[in-house]
Amino acid sequence: MLKTLPFSALRTLEAVVRLRGFSRAAEELNVTQSAVSQHIKQLEEWLGLRLMVRRGRSVTPTDAGERLARVTRDGYSAIADTCDDLRDSTRNSERNILVASPPGFAFLWLLPRLLRFDELHPDLPVSLSTDPQSRDVLTAEADVIICYGPGGYSGFHAEPLMAEQMTPVCAPSIATRVTSVNDLANHVILLDRLDDGSSMTNWDFWAQEVGVTLPRFSQTRELGQANLVIQAAMDGGGIAMGRSPLIKDALDSGRLVQPFDKVAQSQLSYWLVCRREALKRDRMVKFLDWIRAEV
């Protein structure tokens, strides 16, 4: 049985269930959504059971899917903890701290603040990775992973770091020409899609939550990463749906402004995730205490 066990498909199932969507799982695993779908189909055929219920663009795990994803997550976590123990027995425990983060959060919030950690702890250098593989909680070698999602990191220490709010933002020069939601039709709209497997954009979600009707956008530009969206907005390239904490520094400095006072609470948050054993290491305690204080 072990030789035929579809390990890759099990890992894919765990990611789909934990992240609640094929699209988010595909991004985390650095594969296409089609590959994710094929892995789930392969696993269902291998077991002879339905693991996911598909309703349009949304997917929901069955009881069997939830159960298999949970045991897969626990198994990978145990393997990872054992590997950590083996590595720690052969290397200096005061090595660099490796932090994995989504690119937007790393570039716009974390990196500008790391200088303060360096000043407090010059003997504890921090390395930062935004590679998708480094953000896979099951297999990553990172000491700390900043996860963006709904939560649910079973088998790991996971604590909410920051909630997310959403509101349109733009350069001050553009804000003078935006006095109502209808004025959005006259500007380039910078799109940063919600990665939940649906067709709803951040703009649609915001409008729904704050109770406004969006005009038909005459021109849009979709950018692949949050930091690109915010940079384009600061450069006057259009109006973006700003997501805290990514826009905090730009708002504080006046590089971005909010043309409207309507703010939506996102369903997603930023999480601090690490292996439970890591909490016993002094260098990890120092980093976690520092980032909590920064928040």
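Here is a chat between a biologist and a modeller about this predicted model.

Biologist: Let's start with the sheet of eight strands: which strands are its edge strands?

Modeller: The eight strands make an open sheet with mixed pairing, and the order is β4-β3-β5-β10-β6-β9-β7-β8. An edge strand pairs on one side only, and that holds for residues 126–129 and for residues 219–222. Those are β4 and β8.

Biologist: And by what angle are neighbouring strands of this sheet turned against each other on average?

Modeller: Picture the open sheet again, running from β4 through to β8. Ignoring direction, the average turn between neighbouring strands is 25°.

Biologist: Staying with β8, which residue there is the bridge partner of Ile-189?

Modeller: Strand β7 covers residues 188–191, and four bridges join it to β8, with the two running parallel. Within β8, the partner of Ile-189 is Thr-220.

Biologist: Which helix lies across β6, β7, β9 and β10?

Modeller: Look at residues 202–210, which run at about 120° to β10. That stretch is helix α7.

Biologist: Moving on to rings, is the pair of Phe-117 and Phe-287 stacked or edge-to-face?

Modeller: The whole structure holds 10 aromatic pairs. For Phe-117 and Phe-287 the ring centres are 5.5 Å apart and the planes stand at 75°. Planes over 60 degrees apart count that way, so this pair is edge-to-face.

Biologist: How many residues apart in sequence are the parts that this pair ties together?

Modeller: Both Phe-117 and Phe-287 are buried. Phe-117 sits in helix α5 (residues 103–120) and Phe-287 in helix α10 (residues 282–294), so the distance in sequence between the parts is 170 residues.

Biologist: What about Tyr-153 and Trp-271: how many residues apart in sequence are the parts they tie together?

Modeller: Tyr-153 and Trp-271 are also edge-to-face, at 6.1 Å centre to centre with 65° between the planes. Tyr-153 lies in the loop between β5 and β6, while Trp-271 is in strand β10, so the parts are separated in sequence by 118 residues.

Biologist: Does Trp-271 count as buried or exposed?

Modeller: Its partner Tyr-153 counts as buried at 5% relative accessibility. The cut-off for buried is under 20%. Trp-271 has 17% relative accessibility, so Trp-271 counts as buried.

Biologist: Which residues touch the most other members of the largest nonpolar core?

Modeller: Nonpolar side chains tend to be buried together in soluble globular proteins. Here the largest core has 37 residues, and the elements supplying at least two each include α5, β5, β10 and α10. The residues with the most contacts to other members are Phe-105, Ile-146, Phe-287 and Ile-291.

Biologist: How many residues make up the second, separate core?

Modeller: Among its members are Ile-174 and Leu-214. Met-241 and Ala-264 belong to this second core too, and its size is 20 residues.

Biologist: How many disulfides does the count come to?

Modeller: A disulfide is a covalent bond between the sulfur atoms of two cysteines. Cys-147 is buried, with a relative accessible area of 6%, and Cys-170 counts as buried at 0%. The count of disulfides comes to zero.

Biologist: Last one: which residues form the covered face of strand β2?

Modeller: Strand β2 pairs with β1 in the antiparallel sense over four bridges, and Thr-60 in β2 is the bridge partner of Val-53. In a regular strand the side chains alternate between the two faces of the sheet. In β2, Ser-58 and Thr-60 make the uncovered face, and the covered one is Val-59 and Pro-61.

Key: Residues are numbered from 1 along each chain as its sequence is written. This is a predicted model: local features need pLDDT of at least 70, side-chain atom pairs count only at pLDDT 80 or more; totals for chains, interfaces and linings use all residues. Side-chain values use heavy atoms; hydrogens and water are left out. Two strands pair if DSSP finds at least two bridges between them. Axes are lines fitted to C-alpha atoms, for helices over the stretch in contact, and angles run from 0 to 180 degrees between N-to-C directions. Contact means heavy atoms within 4.5 Å. Rings of Phe, Tyr and Trp (its six-membered ring) pair if their centres lie within 6.5 Å; planes under 30 degrees apart count as stacked, over 60 as edge-to-face and the rest as tilted. Buried means under 20% relative accessible area, exposed over 50%, partly exposed in between (1.4 Å probe, protein chains only). A nonpolar core is a set of buried Ala, Val, Leu, Ile, Met, Phe, Trp, Tyr and Cys residues joined through side-chain atoms within 4.5 Å. A disulfide is a pair of cysteine sulfur atoms within 2.5 Å.
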